[in-house]
Amino acid sequence: MIAPTYENWLETELFENAPLNISVIDRDYNIVKANLNFVTLFGEARGRKCFEVHMRRDQVCESCSVARTFADGKVRVNEEIGVDVSGRTAHYLVHVAPIRSKDGRIDYVIEMSTDITETKRLKLEYQTLFEQVPCYVTVLNRDLRVIRANRRFRKKFGEVSGTHCYEAFKHQIRACRTCPAQETFEDGQIHTSEQVGVAKDGETTHYVVTTAPASRGDAGFSHVIEMAVDVTALRRAERERIDAERLAAVGRTVAGLAHGIKNILTGLEGGMYFLESGLQGGKKERLDEGWGMLTRNMEKISVLVRNLLSFSKGRVPRVELNRPEELVAEMIALYRDAAEAEGITVVAEVADRPAPAPYDAESIHTCLANLVSNAVDACRMGGRTPCRVFVRARDENGALVFEVEDEGCGMDQEVRKLAFTNFFSTKGSGGTGLGLLLTRKISQEHGGRVEFDSTPGRGSVFRLIFPRDRLPRPDQDAGEEGA
Amino acid sequence: MTTTGKLVLVVDDEEDVRRYLAAILEDGGFEVQTAADGNVALEFVETRSPDLISLDLVMPQKSGQRFLYALRRNRAWSGIPVLIVTGHAHDDLGRNDLDDILAGKMISGPKVYLEKPVSPDSYVRAVRRQLGVEEEDTGAPTLPSAGPRKRGQV
C-alpha cells in the first residue's frame, strides 16, 4: 500500500519542515515531540518542560495557555516572549490547539509559534513615528472625518476623533472652499497648501499641510493622511520683521524731513538776505536774485509737501490680484511719447507672462513710474542718442520682479550710496529726493525690496523684487481657505 | 567796508546755498570762489590756494569727506583751514563723516562746524575767527539763526 506510506511521509515532512516552531505537550507540560525548527531554535526539547525550554523557568508560567487549553479545549492565540538557545529574547505569536483522542479526551496540545519580533519592532517604530513626529498627523476618511490623530495634534487641537477635519482644524461647520484632502481623494496625488486654523485654546495657528493617499492594503485607497507643519512662529517673526522694516523706513523719513526742510530754509534765508541787502543798498540785481531764490524755494517746499503727503498718506492699500504685464503697458503708455520727443525709447519686455499677483496696483504704479522717470532723466543727463529704457516684468526664483534698465549716465559710488537717502537728489531743484525712498517704502510694505546696479557712463538697472510668499493677501480673501 | 584780502572757497552742491554764502562773505570783505562738488573744488585748489574752505559734507560726485582726505594728503594744502557747513550733522547721511572728522581721525581736521540754516552773522563770524581776521560790523543784515557749534553742542 503506497498511499498510507506517502501520507505518513507527507505528515512527517510537514511537521518537520513547516516554517513554524511546532511542539506537542502533554498534561504534565512535557514536550513529547518537537519539529526541526523548534529544536534548532530552542535546542533538544523532548522530555523537558515547556516552561523550562521556552522561558528558562523552573515552574509553570502564571498565565499558561497550555493549561487553559487542556481545561477548556479551546484554541488560543497569544503573543508571548521566549528565550532561545542562544539566550536571545524574542516575541512570538503562539497558537495552542488541543489534540483529541478518538474518545474526545485531550491528552496533548500542539503549540505553533512564529517569531514576530521584527514585525513588533516595525509597529513600535511606526507608532513612535506617528505619535512623536514634530507635526500634526491625521488620517481622514472619505467623509473628511478624522479617524486617527497623533499626540501632537490632540494636544494642539483637542480630542477630535470622529469629527470633520474642518471642524477640528478651524472650528468651521462647512468644508473649506479649496480642500487639499478632497483634492487628494479626487486625483490620488499629493497636495500641499498653507492654511490658518484655530487651536483648542483659540490661538490662530498657521500651518503648511500636505495630503497623501493612504492605502490600507486593498486596491486603491480609502483614506488620506494629512501632515501639517506649524509655521506660526515663522509667520509671526516674518510679520515682525516686515513691521520693523516699515517702522525703520518711517523713522528715517521723519529724521530726514527735518534736513530736507533745513536745505530749503537755507535757500529761503539766502533769498531774504539778498532782498534785505538789496533794499538796504538799493541794488536791484540783489532784489531780483533774492526774489528768484524765494520763489524757487517756495516751489521746492510745495513739491516737498506734495510728495510727503503721498509718502505718508494713511490710505489703506487696496490689495487685489493684478496682472503685472498690464502695469508695464501702463508705463509705456505714460512715458513713450514724451521720451520719444527727446530721442529716448521706452521698451516693454515681458517674455513669459508672469502669474497674476496680489498687490496695491496704485502703489506699485507709483514705484514703477518713479523708476521709469529716473531712467528717462538718466538718459537725458547721459546725453547718448538714441538712448533706451527697458521696462520688464517676470517671475524669478519664486518672486515677482519688475525691472527698469536705462542706457543713461549711470551712478558713481557716491551717488549709489546716497540713492535711498532722504531728500538726496542729483536733479537740482527738480527733485525732492523722495522718489526712490517712496519706492522702497511701498516695496517693503509689500514684503519686497529694491535692488540696483549701476555703472557710470553706461546706465543703471533697478529691480523691485516681491517674493510671492511675502506678498499681502488679497482684500476679499476672508481666510476661509481649505484645511 | 574794508576788504580782508582773504580768498574763501565755498563748496556746496546747492546753487542757492552757494550764492547765499558767497554773498555774505563778499559783503564781509572776502574774495569768494564757489564749487558745486569736491572734484570741482580740488581742480580749483590746484590752480589757486584759498585762505579758507567752506565745505558742505553731503554732495554727489565727491563728498566733503573725500575732498577733505584728498586735501589733507597733499602737504601744500594740508594747512588750509576748513569750515564745515552741513545740514546733516545728526543724521545717517553726515553724522559718521562729521564724527570722524571732529574726532581728529583726519590729519588736522577742523574742530568747528556750522549747521544749516546759517545766519549771515554767525557764518561771517566763524570765518573771521578761523582766519584770525578782526571783527567788524559789515553792515550786512542779520537773521535769526543758530550760532557756530562746537563738538558736543547741539
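**Two helices and a core**

Author: In this model, H2(B) and H3(B) lie roughly parallel to each other. It's a predicted model, where local features need pLDDT of at least 70 and side-chain atom pairs count only at pLDDT 80 or more, while totals for chains, interfaces and linings use all residues. Residues are numbered from 1 along each chain as its sequence is written, with chains lettered from A and ligands numbered from 1 in the order in which they are written.

Reader: What makes H2(B) and H3(B) roughly parallel?

Author: Helix H2 (residues 38-47) and helix H3 (residues 64-73) of chain B pack at about 25°, axes 9 Å apart. Angles run from 0 to 180 degrees between N-to-C directions, with axes fitted to C-alpha atoms over the stretch in contact. Under 35 degrees counts as roughly parallel (over 145 roughly antiparallel, 65 to 115 roughly perpendicular, the rest oblique), so the pair is roughly parallel. Helices here are DSSP runs (H or I, at least four residues).

Reader: Which residues of H2(B) and H3(B) meet?

Author: Gly38(B), Ala41(B), Leu42(B) and Val45(B) in H2(B) touch Gly64(B), Arg66(B), Phe67(B), Ala70(B) and Leu71(B) in H3(B). Contact means C-beta atoms, placed from the backbone, within 7 Å.

Reader: And what makes something a nonpolar core?

Author: Buried Ala, Val, Leu, Ile, Met, Phe, Trp, Tyr and Cys residues, joined through C-beta atoms within 7 Å. Buried means 20 or more other C-beta atoms within 10 Å (exposed is 12 or fewer, partly exposed in between). The largest core has 38 residues, and Leu55(B) and Leu83(B) have the most contacts inside it. Helix H1 (residues 15-27) of chain B gives the largest share, six residues.

Key:
Contact = placed C-beta atoms within 7 Å.
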